[in-house]
Amino acid sequence: MARISSRLKEVTMEKIPDITSDILDKLRKLNINSVYQLAVQSPSELGLGISDVLDVELAAKLIGNARKILTENEVLSREFSTADDLLVRRNNISRYKTGSSNFDTFLNGGFETQSITEIAGEFGSGKSQICHTLCTAAIELMEDDLDTCDSGLIHRPPGSIIFIDTENSFRANRVHQIAEQKNLDPEDILKRIFHCNVYSSEQLEVVIDDLPKFIEQYNAKLVIIDSIISLHRAEFSGRGTLAERQQRLGKMLNKLRRYADIYDIAVVITNQVVSYADGSGFDYMKAAGGNIVAHGSTYRIFLRRYGKNRVATMEDSPSQPYQRAKFTIAENGIRDANSYKTDESDSAW
Ligand SMILES: Nc1ncnc2c1ncn2[C@@H]1O[C@H](COP(=O)(O)OP(=O)(O)OP(=O)(O)O)[C@@H](O)[C@H]1O
Ligand SMILES: [Mg+2]
């Protein structure tokens, strides 16, 4: 069923206060073509990008004006909002399910919009399988949008998913298989997944810079990046390059956080693990990327393998307790493990 979107389409860039035709030309050359695309910029980068015309102060002013338009249209919260207003906004977020009731309950109903959810785990722990399952299950929940404009209502294309693949892990036939097993329409689902193969850290950064344009063009509601760290980890391997790697990862996450908020989309990223010794003689695993990735994501889920099953642990959440869910990987994607037990004495935990 179609719903009226909170997105505004009708406010053109020309209506942004303080904007001149010269600045508009410069912004268009930088591929910034909408109020949203201006609102997600950071002043320092925008100021630098068109420094012959703009300084950082003016860039900040223009971004502020774009954000103000979004606030007036209730797309963004006010600088200071009362907590009850924030509660209303939170209650309006969408949640995209996987179809595994254990996993969805564990996520408080599904992967939520306006957030970055990180899934970390060792190889084979199920990160990519969760992403594939989410692709099939989420699309069903994406309604068509109706936007308002001066001449009435515009019908936007049905919601879609952007899948950014840095590990060549996406398999369209796997999505097809999961969809068929779930009695969903595989053809429709495959048409609504926009896949992008990325081969270098620089290319990933450019794709993330350009994401707003694609989010608007495809009416994307969910962006999956599998994985956020592999390319940066491979290319910045020496100790001397660690600081630069972390800075670049931080910038990407910062942008993704802005996109999640302004476009009301769910962002799901996968992360690898590093092993560390705690001095007791045992090696442990933790998510890669250090504090930058840990602070950059809203939710952090850690996956571990237990025989045929997998256990997901909520390691960081702004509103949920530390908790776990058990699932397995099957032809129909991730699903509840048959022998699910909540008993702490279950040796599989
Ligand atoms: N059709 C299927 N049916 C059942 N299990 C499957 C199917 N396809 C893949 N798997 C299982 O999924 C597991 C791999 O999971 P996945 O690719 O999600 O790991 P990952 O965490 O992404 O690992 P990596 O870090 O290597 O990318 C394998 O154990 C494989 O057996
Ligand atoms: Mg994978």
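**Strand β10 and its surroundings**

Strand β9 (residues 220–226) runs parallel to β10, and 4 bridges hold the pairing on record between these two strands. Strands count as paired here if DSSP finds at least two bridges between them; helices (H or I, at least four residues) and strands (E, at least two) are themselves DSSP runs, numbered from the N terminus. Within this pairing, V223 sits opposite V267 of β10. The model is a predicted one, in which local features need pLDDT of at least 70, side-chain atom pairs count only at pLDDT 80 or more, and totals for chains, interfaces and linings use all residues. Residues are numbered from 1 along each chain as its sequence is written, while chains are lettered from A and ligands numbered from 1 in the order in which they are written.

β10 has a second parallel partner to look at: strand β4 (residues 115–121), joined to β10 by 6 bridges. There, A120 faces N271 of β10. β10 itself covers residues 266–271, and 6 of its 6 residues are buried, meaning that 20 or more other C-beta atoms, placed from the backbone, lie within 10 Å of a residue's own (12 or fewer makes it exposed, anything in between partly exposed). In a regular strand, side chains alternate between the two faces of the sheet. In β10, A266, V268 and T270 point one way, V267, I269 and N271 point the other way, and all are buried.

Helix α12 (residues 242–263) comes with 22 residues and stretches 31 Å from its first C-alpha to its last, close to the expected 32 Å; that expectation is 1.5 Å times one less than the number of residues. Among its buried residues are R245, L249, M252 and L253, along with the closing run Y259, A260, D261, I262 and Y263. Just after α12, D264 takes a positive phi of about 55°.

Over in strand β7 (residues 160–165) lies I164. This residue is buried because 23 other C-beta atoms lie within 10 Å. Beyond its neighbours within four places in sequence, I164 is in contact (C-beta atoms, placed from the backbone, within 7 Å) with C196, V198, V207, I224 and I225. I164 and L204 are 40 residues apart in sequence, yet their C-alpha atoms are 8.4 Å apart in space.

Finally, there is ligand 1, with 13 residues around it, the closest being F123, K127, S128, Q129 and I329. A residue joins this shell if its C-beta atom, placed from the backbone, lies within 6 Å of the ligand. The largest share, 3 residues, comes from α7.

How values were computed: Two residues are in contact if their C-beta atoms, placed from the backbone, lie within 7 Å.
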